Structure formats: C-alpha cells, structure tokens
Amino acid sequence: MKRATRGLVASLAATLVATVLVGCGKQADESSQQTAQAKPLVVYSSRAEHLIQPVFDLYSQQTGTEIQFITDKAGVLIERLKQEGESTSADVFITVDAGNLGYAAAEGLLLPLQSPVLEANVPAHLRDEQNHWTGLSLRARTIVYSTERVSPEELNTYEALGGDNWEGLLCLRTSKKVYNQSLVAMLIASHGEEKTQQVVEAWVNNLAVAPLSNDTKVMEAIVAGQCDVGIVNTYYYGRLKVKTPDLPLALFWPNQQIEDASSAGVHVNISGAGVLKHSKQAAAAQEFVEWMASDDAQAIFGGVNQEYPINPAIAVDPEVKSWGDFKASELPLSRAYELQPAAVKLMDRAGYR
Amino acid sequence: MTTSPASNVALEDRPAVPSSSLSAGSGVGLVQRLFNAKILWPLFLLLLSLPTLLALGSVLASLFDIDTDTLSHLLEHLLPDALVNTLLLVSGTAICSAVVGVALAWLTAVCDFPLRRFFSWALLLPMAIPGYVMAFAFVGLFEFSGPVQTTIRGWFGSSSWFPDVYSFGGVTMVMSLVLYPYVYLIARNAFQTQGRRSIEAGQSLGLSPLRSFFRVSLPMARPWIVGGVLLVVMETLADFGTVATFNYDTLTTLIYKSWFSLYSLPAALQVASVLLLAVVVIMVIERRSRAAQRYSQSQHASLSSSRFVLSGKRRWAAVVFCALVFLFAFVMPSLRLLSWAMPNLGSDLNAHFFGYIWSTLSLASFATALIAVLALLLAYGARINQSLPTRFAVRTSTLGYALPGTVLAIGLFAPISMLNHWLQDAGIPASWLQGTFLIMLMAYGVRFMAVAYSPIENNYLRITPSIDDAAHSLGLTGLQVLRRVHLPIVQRGILTAMVLVFVDVMKELPITLMTRPFGFNTLAVRVFELSSEGLWQRAALPALAIMLVGLIPVMLLIRKTDQGL
C-alpha cells in the first residue's frame, strides 16, 4: 500500500512538473512570437468558441494578427473587466445580446467609435446611439407553429398569442433567458408597461405547460402535441430542421401588417462587439471590429450559426432564405439594456417563470 | 473504543521533544523544527485560509451597501417561493443521498453478494457526471416529448398518468443521483475502517446483519455520514445548472437573476451572503452535535474474512437495489450521451479533443495532489493545536464549497485584481496574477478544501490521542508522528479525498472559465460551450470523456481500499 501511495504521489509530481514545463514552454514561445510579430489582440467573448474561432482564424490568416481570447458568461466578463480596470489586457468585448453590451457601456467599459465603416455597413438601430458598440449578426425571435394543427392564417402578432383562441396551446421558454427578456423589453418600448403586462399575463394564461428550459424543447413539445405554437430563435429551428428534414413545424413572421413603426416587425437581437476603453491598441481593435462587419467576415460570422448578417446588403444563406423574408423591428436596440430590468420585473409580476 | 478527552489536554501542554538524533540534513532538520514549533501552526493555518477569507470577505462586503430596489422586488415576488423550494430541495436531496449512499456503502463494504466487487466501484461513477448533464439526459428521456412517454403513448394512447418531470420530484431525483456518491464514498470508508471487531461484536451478540447495521455500524459511522451529507447540502445549495434545466427556482436562481438579468451584482452577493450564513449555521450545529462524541478505533481494519454473507432473498434484493441505482444513475445517462455522441464521433475525436483530455487530466491531478496535502496539514494542525485561531482557520477554509461557483470566482477575483493594481502601482511585474495556473490552483484550493478535509478529518478521529502520547514518549517528533503514525491510519481518508477532489475539479466550470490562460480548454469548458448554445449532440462526447477520465482514480481507489490496507 505504501509503495502504491508513493507511486501515486510520484506520478502526480511528474504530471505537475510536466504541466509546468509545458505551460512555461508555451509562454516562452508566445512571448518570443510577440516580439517578432504585431501584438496579439485580446478578445473577451460570451459568444461560444466554436462560433467565433472561424472568424478569428480568418482574420489572422488575412492580416497576420494573432487573436487570443477567453469565453465566459457576459455578466462575469463585465465584472472581470471592471475589476481589472486599466490593467486589463483585453481589447475587444463580444456578446450574444445587446443588453450586455449596453450594460458594459453603462459601466464605462467601452470606447465610443467614430467609424464610417460601421456606419456604412450596420443599420443605425442595430448600433449604440453613442457608438459604444455595434451589432455583427442578427438573431430573429419569431413564432413557430405546428403545420399539422395550425394554419398560418390563425397567427398574427406576438401580442395575439395571448388571445383566447390559444388557450392551453402555447409553449414558452423560461423568462430567465435573455432572448425573452429583450423581446418583452421591446414590447415595453412599443406599448408601455401596463399594456405589456397584460400581454404577458395573457401568454401565461395560455401556457400548455410550465415554461421550458430552451427553445429546442419548445419545438419538441409542439411536435409531440403538447402545444401548438411557441416563440423561438430561428437558428434553433434551422438546427432541428437539419436533423429531421420532415419536421412538422414552420416559422411565422409576426407583426408584419402593422403601420405603427414602434410595434411593427419581427423582434431581433444582435450578437455584437465593442472596443474596450482600457485597450492599449484601440486603433487595431477598432480595425478588427470594422473587419467583422465587412463582407468577408459577415459571410461566416452569423453564417456558422444560421443567423442573419447585420448588413442587409449581404446575401443570406439559401437554407435560411428558404424560411422566408420578413420585416424586422426597427426600434433602436440600445433600449434593450435600458428596459431589460423593467422587463424582468414585469415578467416576475405576471408570473412568467 | 472511546477515550476521554482529558488526554488531549495533556498532549497540548507537552513540550516538543528534541529530535537531534533523527535530523539527517539541515533542510530536514529545519522542516522538523518548524513542524514542532506549535506556535507557528495557527499562523500557518491562518495563512492557508487567507484566500478563502478574502473571497468570502468580498462577498460579505456587499452587505454594507444594500440594493433595496432589487432586493425588495425579489422579496415581494420571488423570495418566498425560492426559499421554500430551496429548503425542500436541500432536505429531499440530503435524505435521498444519505439513504441510498449509506445503504450502498454498507452493502458493498460489509456484506457479500454477487457482483459486489463490480458495484463497489461502478456505483461511484455517477459522481463524474456534471449535474446539468445528468439533468438534461434525464429530462430528455422522461419528459412529454421524450422517448419514454412517446412509447407509452404509442402503446396506451395516453401518457397523462406519467409524473411530470419538471417538478420537485424530478429535480430531487436527479440531484440525488449525482450526489449520493459523496455519501457512499465517505460512508464506505467509515464502514471499512470500523474494522472486523465491530462486525464480530454484532455477530457474537447474535444480531442479524440488518440489526447489526442499525445498532453497531450506523451509530459508529455517524460523523462520516454527516460529513458526506454536509457536502451534499453545500453542493445542492450552490447548484445552478441542474435547477436551471428544470426551471426550478432556488436561492441560487435569484443570485443569477439579480446579477445577469437585473444587472445588480450587489443584490446577487447579498443573497449569496444569506446562503453563506445559512451554511455557517448548519456547520455550527453539526460541530456542536459532534463535540460530545469520540469515535476512535483500533487500526485493524481488514475486512476480508468477516463479511456478512447474504443469503436467499436478501442476496438478490441487494443485487437488484445496486443494479437499479446503477441503471438510473449511470447506464441511462451514459447511453443517452453515447447515442448523441456517435454521429459526430468521426469529426470530433481529433487532436484537439485529446488535448482537452490531457489538460483536464493534468490539471485535476495537480490540483488533487496540492489540495490533499494542504487538507492533511490542516487536519494535522487542527489536531495538535485546538486554539481559537486554528479552529477559525479550519472552519473558514471549508466554506468555499457552499457558494455558487460563479459567486466564489468573482469573490476571489476581487482581491487578486486589487493585489494586481497595488503591485503595478509599485512597479512590480504582476502578470503571473492573471490567467496562470498558480491562481487557478489557489482558487480550486479555496473551492474544494471542504471536500478534501472532511474525509481526512474523519479518519483522524480513528486515532486516539493516547497513540500520539505513546509516539511522543518513544521520542518521535511532529513530522515523524505524522509520517509514521498518522499517515498509515488516515491514508484511506486521503485517498477518498483525492478521488472526490479529482472528480470535482474535472467537473468544475466557473473558476476554470475565469482563471484559465488563453486557449486553455478542459473537457468541462467544452461541454459548457457547446451545451450553452444548445448543441447537446456535440457536448455529449466531452461529457462522456469526463466520465471515462473520472473512472481512473475511482478504479485506483477501490483497488487499494478493497485489498485491505
């Protein structure tokens, strides 16, 4: 036994030494590279690695600039940036929603960008009004319905999902997900809190089952016959469609016939980026963000995840295109951050869990 | 079997015996002298607990500036339900894990029945499944749209009688399935070290195996079981991923909601502080109840010859029970993961993937060795010096396990960045403070000290203070007592601790995410990245790999402990 313990300890010690050596070796390599080439750009990202790595690789390939990054939850990264302050090594911050970019801007972490490139490529309502951040891809949140039990004529708006005809037929994802928070925030922007709360309460009354933990589950519940309609991000539909080509579901684009610009169009959120105030190479960081909004990068930035390009001039992937064209809401997305806490509290009050 | 506490006091007052005859070199001599300088122990232990103290301090500091706006909203609309849910979940999980864990431990440690050897290691495997992975697999199988209910509807037309998965029952079941191994492992260690005599005592009194269990084994294993259940309680309180899958709101849900949805970190930390205080209260109660009892035991712990050989129905009942737990806790989720992983196996099993395995393995081994040594020193220090500072240091060091990982990670990050700022202002390079293994390991130490400390401390209870006295009177000094007297007895505890820490570090996420160097990925990080985007099919492979890598220490441990030390 003693020998065995010693063996175990020895092997652990050996692993330890090996790890340290490998680690140091790597660091030495990196530092020698750094002196030879341009300084790498450092990105903090809440967009998952497999979705951004291809974009970074392409940039490195085209410009020779290396990109180092870490991924984590947006809220954690923001807190980390606040604590690191001036000593941070980060240059660019990437998220998968406008709310967290707004939060980072409100905390004074982001640098306002004067950029004709972004102004040309990104529609104004998908950028921060003070230019702290810009959208890079669009995530549309729309209605999904059972093609077996629902005809699209029965559908109209998000608000109408609270109608009596959908009683016990609606499935929703939990209100804890930021996509639903920004959807309700935008409803508040169009209707005010009182009317929005009535809408959300009506949704809750129509629920077939307690809110589910993700969009895929919402669609699976509809397929299984637990409910008939739901609200999901389009790329989840796209993924399920790849797996089961004869999926008995279709997307419906709501709020298309409305004249009033404040409540017209499909709710969209963005995946986007900003340059950090304490970046030591803000010019290079801005160049990188601008490049991500350019034609080359746009083809893959959203494309890898079947999201929509931020630049309306860029062609959409044919598969995504086949789900139909739609008019997106043109409310400025900077309101998503301002109204999100109000939206969360409203959903709590309405009993939407 | 019990010894009066009086001999402890005698030990305290004894001056250190000089060790001139044994100091081989000046280095060893210095270590020995440091070991014997009892005045240094409280200082050393306080130093060990400093990182935890700082992290907890930065969480508790939030109480100075209450975010009344957010908190009053929580209080009015969410807190009552969350509190009830938390209490229900914690007590439900604690009871289920205790019953299942203790029963399995006793069966595999003390009894003999078919497949016992297999079950004794196999029943530990569910520990390596991250809670939220188990939750996802479980929900996927048993919800309305899952294969089980779909099949039932195919046969009977309706599955409305099937219990709702998204319920207290569902979440408690999943939580217990991943957490019972903590109780199982620690209780098994207790039953094994109780020794042959306690069983023989039962047998000679003519007690049936079951009676012997309730009258002899169970009371003697109490502190172990309580220690294991306490880990389960802390893990349950800190969990976010599992309850989120069930959309079951607990205090941790409120912490996440305040921080990530209402953008109020202060409110989140304030709720976390309440959680922390609750854990402190539980721990104090546990200590109080334990103080009155002593559980020393002789060190003849071999069991090989005197197991209860179960006969007839009992024998098969034992097999069926073990098999059922194994089926639900391991076979079912791993088959689910395997069915997801298969289609992508070709493309995902690449060099990168083996890189993740290697970094996970080396990180977990490294952290395990370090934390086990520190926990041993902590337990040893607590034994030889029971002053207030020592006890304080020990208690604080084990609190890091009770907080949600993300909260602890951010609590740790605050003092580190402060130190970073100071060093930079003073012109001292401080790049080692960010994204290095040093900080990573320290953070793991803060998080998992409780996991390592509990089994080691319990095995220390096996050593009567009189043994220390005897060792001292034979001229052995501190380091020698630790090495030659304590180590042989507590090594089962150390091995148990190492397995628990190893598997916990492998699964760990928030600290790894926050402190890892650029480009450093573990299997758990991989699972998180893919599953957070809903790509469960691709997250399944790294999740399976976590289970397979977790198998290594589990097998080693069971082989060692079953040989009879």
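**Exercise 1. Find at what angle helix H3 (residues 40-60) of chain B and helix H17 (residues 351-384) of chain B pack, and which residues meet.**

Solution. Start with the axes: H3(B) and H17(B) pack at about 140 degrees, with their axes 10 Å apart. Here axes are lines fitted to C-alpha atoms over the stretch in contact, and angles run from 0 to 180 degrees between N-to-C directions. Helices (H or I, at least four residues) and strands (E, at least two) are DSSP runs, numbered from the N terminus.

Next, look at the side chains' owners: Trp41(B), Phe44(B), Leu45(B) and Leu48(B) of H3(B) meet Leu374(B), Leu378(B), Gly381(B) and Ile384(B) of H17(B). Contact requires C-beta atoms, placed from the backbone, within 7 Å. Finally, sort the residues of this contact: seven are nonpolar, one is polar and none is charged. In this sorting Ala, Val, Leu, Ile, Met, Phe, Trp, Tyr, Cys and Pro count as nonpolar, Asp, Glu, Lys and Arg as charged, and the others, Gly among them, as polar.

A word on the model: it is predicted, local features need pLDDT of at least 70, and side-chain atom pairs count only at pLDDT 80 or more, while totals for chains, interfaces and linings use all residues. Residues are numbered from 1 along each chain as its sequence is written, and chains are lettered from A and ligands numbered from 1 in the order in which they are written.

**Exercise 2. Work out which residues Ala375(B) is in contact with.**

Solution. First set aside the neighbours within four places in sequence; Ala375(B) then contacts Met449(B), Ala452(B), Tyr453(B), Ile456(B) and Ala497(B).

**Exercise 3. Describe the side of chain B that touches chain A.**

Solution. Begin with the count: 44 residues of chain B are in contact with 49 residues of chain A. Then ask which elements contribute: those giving two or more residues on the chain B side include helix H4 (68-77), H17 and helix H19 (405-425) of chain B. H19(B) supplies the largest share, eight residues. Last comes the make-up of that side: 20 nonpolar, 18 polar and six charged residues.

**Exercise 4. Find how the two domains of chain A touch.**

Solution. Take the bounds, which come from an automatic or database domain assignment: domain 1 (2-137 + 270-316) and domain 2 (140-267 + 321-349). Their contact takes 17 residues from domain 1 of chain A and 15 residues from domain 2 of chain A. On the domain 1 side, helix H4 (residues 98-106) of chain A gives the largest share, five residues.
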